[in-house]
Amino acid sequence: TEDMLGGIEGIMNLAAASGEDLASVSDIVTDALTAFGLSASDAGHFSDVLAQASSNANTNVSMMGSTFQKVAPVAGALGYSVEDMSLGIGLMANASIKAEVAGTSLKTALANMAKPTDAQAAAMEKYGISLTNADGSMKSFGDVVKNLRSSLGGLSEAEQVAATTIFGKESFAGMLAIVNASEADFNKLTDAVYNCDGAAKQMAETKLDNLNGSITLAKSAFDALQVELGELLLPTLTEGIKKFT
């Protein structure tokens, strides 16, 4: 219960910042937390990551939620962090590969690289691409992205297309979006998702710091007042109804 209460503020801030419905934002966050093996107390941090990624890339929280729905189980099983995955998702979104399409692309590419066919394994060896370090430990997805960008980024367009044997036909466009993203976009998004603490709260406060925000807060306060008055008067009203009956 304490973990849940500790995390709900971040989800509420994310909903306010993004303009999305609270219930849908809560579903996005909690579903992803489960897939990544995180707890309710991590909800605030995950909300900050989504807030930063969506505001620094050409996407929004709803579309990122659709992407995570597809890729989170695979990414979680590989031990990847939400920051690393948000980086990849944001870079794809900047190339107009978003929502379920981005999720399917990432999921398929990761599955192919984790358990490659003979042809895929040969291509990975040729271009020096691996999900593991020399000692056999798993690379983070951030390191995988750097590996892909350094190995495939300098290739000609024809060579890059040939290298997409590694990812599969339905994934190569999304993965090449990550590979070919500009250094400026890559560095901007990397800095954003790894320095995200407090982002959702700050964005929510900014969004509410105007006339519309003041009206929203006033309506919210009035709703709360109605609830409080109702709870105070309910026993009296109940007794009155009983007597009337």
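Ser-86 is found in helix α5, which covers residues 82-94. In this predicted model, the serine has 0% relative accessibility, and since the cut-off for burial is under 20%, Ser-86 counts as buried. What does Ser-86 touch, once its neighbours within four places in sequence are set aside? The list of contacts runs to Val-49, Ala-53, Met-64, Phe-68, Leu-189 and Val-193. Several of these names come back below, in the packing of helix α3 with its partners. Val-49 and Ala-53 belong to the α3 side of a contact with α11, and Leu-189 and Val-193 to the α11 side. Met-64 and Phe-68, for their part, sit in α4, where they meet residues of α3.

Stepping back to the whole chain, the secondary structure is quickly told: there are 13 helices and zero strands. Read from the N terminus, the order of elements is simply α-α-α-α-α-α-α-α-α-α-α-α-α. As for overall dimensions, the C-alpha trace spans about 85 × 35 × 30 Å along its principal axes. The radius of gyration is 23 Å, whereas a compact globule of 245 residues would come in near 18 Å. Burial applies to 41% of the 245 residues. Contacts were also sorted by sequence separation: taking those between residues at least 6 apart in sequence, 71% join residues at least 24 apart.

Now for helix pairs, with α3 as the common thread. Two packed helices are described by the angle between their axes and the distance between the axes. For α3 (residues 43-56) and α11 (residues 183-194), the angle is about 160° and the axes lie 8 Å apart. Angles over 145 degrees count as roughly antiparallel, so α3 is roughly antiparallel to α11. The crossing of this pair is right-handed. On the α3 side, the contact is made by Val-49, Gln-52, Ala-53 and Asn-56, and on the α11 side by Lys-188, Leu-189, Ala-192 and Val-193. Sorted by class, the contact of α3 with α11 holds five nonpolar residues, two polar ones and one charged.

How do α2 and α3 lie relative to each other, parallel or perpendicular? Helix α2 takes in residues 22-35, and its axis and that of α3 are 10 Å apart, at an angle of about 110°. That value falls in the range of 65 to 115 degrees, so α2 and α3 are roughly perpendicular to each other. Here too the crossing is right-handed. From α2, the residues involved are Ile-28, Val-29, Ala-32 and Leu-33, and they meet Ala-43, Phe-46, Ser-47 and Leu-50 of α3. The tally for the contact of α2 with α3 is seven nonpolar, one polar and no charged.

The remaining α3 pair to report is the one with α4 (residues 61-77), where the axes come within 10 Å and cross at roughly 115°. The crossing of α3 past α4 is again right-handed. Phe-46, Leu-50, Ala-53 and Ser-54 in α3 are the residues that meet Val-61, Met-64 and Phe-68 in α4. By class, the contact of α3 with α4 divides into six nonpolar residues, one polar and no charged. Some α3 residues do double duty: Phe-46 and Leu-50 are listed in the contact with α2 and also in the one with α4. Ala-53, likewise, appears in the contact with α11 as well as in that with α4.

A few single residues round out the picture. Met-12 is found in helix α1, which runs over residues 2-18. Its relative accessible area is 46%, so Met-12 is partly exposed. Met-12 and Gly-44 are 32 residues apart in sequence, yet their C-alpha atoms are 9.2 Å apart in space.

Backbone angles turn up two residues with a positive phi that are not glycines. Ser-96 has a phi of about 65° and is placed in the loop between α5 and α6. With a relative accessible area of 58%, Ser-96 is exposed. Ala-99 has a positive phi of about 50°, and this alanine is found in helix α6. Is Ala-99 buried or exposed? At 14% relative accessibility, Ala-99 counts as buried, while Ser-96 in the preceding loop is exposed.

Key:
Residues are numbered from 1 along each chain as its sequence is written. This is a predicted model: local features need pLDDT of at least 70, side-chain atom pairs count only at pLDDT 80 or more; totals for chains, interfaces and linings use all residues. Side-chain values use heavy atoms; hydrogens and water are left out. Axes are lines fitted to C-alpha atoms, for helices over the stretch in contact, and angles run from 0 to 180 degrees between N-to-C directions. Helices (H or I, at least four residues) and strands (E, at least two) are DSSP runs, numbered from the N terminus. Angles under 35 degrees count as roughly parallel, over 145 as roughly antiparallel, 65 to 115 as roughly perpendicular and the rest as oblique. A crossing is left-handed if the near helix is turned anticlockwise from the far one by less than a right angle, and right-handed if clockwise. Contact means heavy atoms within 4.5 Å. Ala, Val, Leu, Ile, Met, Phe, Trp, Tyr, Cys and Pro count as nonpolar, Asp, Glu, Lys and Arg as charged, and the others, Gly among them, as polar. The radius of gyration is taken over C-alpha atoms; the globule rule is 2.2 Å times the number of residues to the power 0.38. Buried means under 20% relative accessible area, exposed over 50%, partly exposed in between (1.4 Å probe, protein chains only).
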